[in-house]
Amino acid sequence: MVGQIYNLSQLEELAGGNTEFVNSMVETFLEHTPGQLEEILQAYESLDLATVGAVAHKIKPNIELFGINAIKQDIRVVEEKGKQGLKDKDLEESIKRVELHLKEAFNQLLQR
Amino acid sequence: MNGFKIFIVDDNELYAKASQHHLSLNPDNEVESFSTGKDCINNLYTKPNMIFLDYSLPDMSGIEVLRKIKQSYSETPVVIVSGQEDVSTAVELLKEGAYDYIVKDENAHERMWKSTNNIRENFMLRDEIDKLREEVDHKYDFSNIKGNSLALKKVYKLIEKASQTNITVSITGETGTGKELVAKAIHYNNKNKQKRPLVAVNIAAIPRDLLESELFGHEKGAFTGASNRRIGKFEEAIGGTIFLDEIGEMDLNLQAKLLRVLQEKEVTRIGSNTPIKVNARVLVATHKTLAEEVKAGRFREDLYYRLLGLPIELPPLRDRGNDIVVLAKHFVDEFASENAMGKLHITAEAQKKLLNYDWPGNVRELKAVVELASVLCDDGKITDMDINFNSTNNGLSELMSTELTLKGYNIKIIQHFLDKYDRNVVDVAKKLDIGKSTIYRMVKNNELEI
């Protein structure tokens, strides 16, 4: 993974030039998302796929809002397979990628 | 209008925050966000103008919340916002009365913004229509036809009777007696019609050649210059009332066509073969005496009987006695309040002058005269000096309305000539065939000014 993996242009557009608002959004993102990611990973460990799908559904729009485009499709896969209760290789790989990218995004956003 | 109140119901704090911020960029919007369905429902009493509802909430499903909202506030538009891209869910929600369905993707905020603008515009228009409708209802209330004279009381009774049914009404009366006002009163006091259109057509004001297409409409290409289809006035008035003013001016050819429309209760646009049902109520008015027009061969007898229905004859103002004063006071008050002028008073002499005039232009003329007087008067008092008649007849009726003594008229006449001929006593004496000494004597007695 090289370079910046998030893109705040959508958020900046919404903010209408208000950088304070962007900063507070980033703060909120960093406050909630690590916990949600943890929830997905733990639920996956304990084979609670319904929870995996539900939490993925919740963070999906935030991933789009923060322009973390590399895992836009993956988070959909996690949501769908989770809901269907379908544990397969695709799901496993997608979750891994989501974890990797989100953790990197947290790091980059912290140093912003 | 106060702020436009928007609820955002979403348990995704980040997303709600973004939406709230974005929608608040328009200072007219007052945005509140709630994270649960319960919170939203408990706050519905503050009457939001619209609600953005996330489909998957922690405490209840979107459809439950939607139903709860629609139960008590069926008018409030609810836009569903959801991460679900499932068509069947969307369809189900729309069936339950959701206004719109927005998927949380990169365009979601743009769509929320547009949706808000649409609903707000809609809301403002509806608000305006309600206000205007109220205003119109009030404007054409019976109470707005002013006067207590016996002649008018009869008219009131007829209007009331006319507005209870859909009978054709023919209104006659001199120019300026308020025929259109009566037509409006009949329409707006009819419970079945008042929310439907009142379409007024002044036959005299439309060129003969255009009248037919104006009334009945035409199809594209029906005649040279018919570049578009046009809906006629009869069609516009479907379910409501059509008011044909100055019906006496319609030419015989069109009279025949009108008769057919009234008999068949359907119109056919020019250039079309398909008749369209019209159930509009018909009111007609004319300042002519239609019976005489029939005798003179200018109005079809069959149409005359078809239109006669309930005849209402409006009395000329000069036959309405003290109504003149009542109306004058009403117009003065109205003018004063429209122009923020404070209370105006009409002196007894001025009232006498108004009462003695014969009002060829009727109420319309009275209104013009007293409005002018309101502008000319000083110290909030309208005196006889402020009342000026500009009737098209001649000045004689005005002069006579002052009811002076013969001597008084003499003074007025001689003064008029003196003013006209540069106060040249010799010339004036010659013109009026009186002695110079008569004029000098009157000047000495301060009866004349030179």
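**Strand β3(B), its partners and the cores**

Modeller: This is a predicted model. In chain B, 56 Å separate the centres of domain 2 and domain 4, taken over C-alpha atoms.

Colleague: Which residues do the domains of chain B span?

Modeller: The assignment gives domain 1 (4–134), domain 2 (148–315), domain 3 (318–401) and domain 4 (406–444).

Colleague: Why is strand β3 of chain B called largely enclosed by the rest of the structure?

Modeller: Buried means under 20% relative accessible area. In β3(B), residues 50–54, 5 of the 5 residues are buried, so the strand is largely enclosed. Both faces are covered. B:Met50, B:Phe52 and B:Asp54 lie on one side, B:Ile51 and B:Leu53 on the other.

Colleague: What makes β1(B) and β3(B) a pair?

Modeller: Pairing needs at least two bridges. Here 4 bridges join β1(B) to β3(B), and the strands run parallel. They therefore count as paired. B:Val9 stands opposite B:Leu53.

Colleague: How do you know that β3(B) pairs with β4(B)?

Modeller: By the cut-off of at least two bridges. There are 4 bridges between β3(B) and β4(B), again parallel. So they pair too. B:Asp54 stands opposite B:Val81. With helix α3 of chain B, these strands make a right-handed β-α-β unit.

Colleague: Which residues have the most contacts inside the largest nonpolar core?

Modeller: A:Phe29, A:Phe66, A:Ile68, A:Leu102 and B:Phe52, in a core of 53 residues. Helix α2 of chain A gives the most to this core, with 11 residues.

How values were computed. Residues numbered from 1 in each chain as written. Chains lettered and ligands numbered in written order. Predicted model: local features only at pLDDT ≥ 70, side-chain atom pairs only at ≥ 80, totals over all residues. Heavy atoms only, no water. Buried < 20%, exposed > 50% of the residue type's maximum accessible area, 1.4 Å probe, protein only. Helix = DSSP H or I, 4+ residues; strand = E, 2+ residues; numbered from the N terminus. Right-handed = clockwise from strand over helix to strand, strands pointing away. Domains from an automatic or database assignment. Core = buried A, V, L, I, M, F, W, Y, C linked by side-chain atoms within 4.5 Å.
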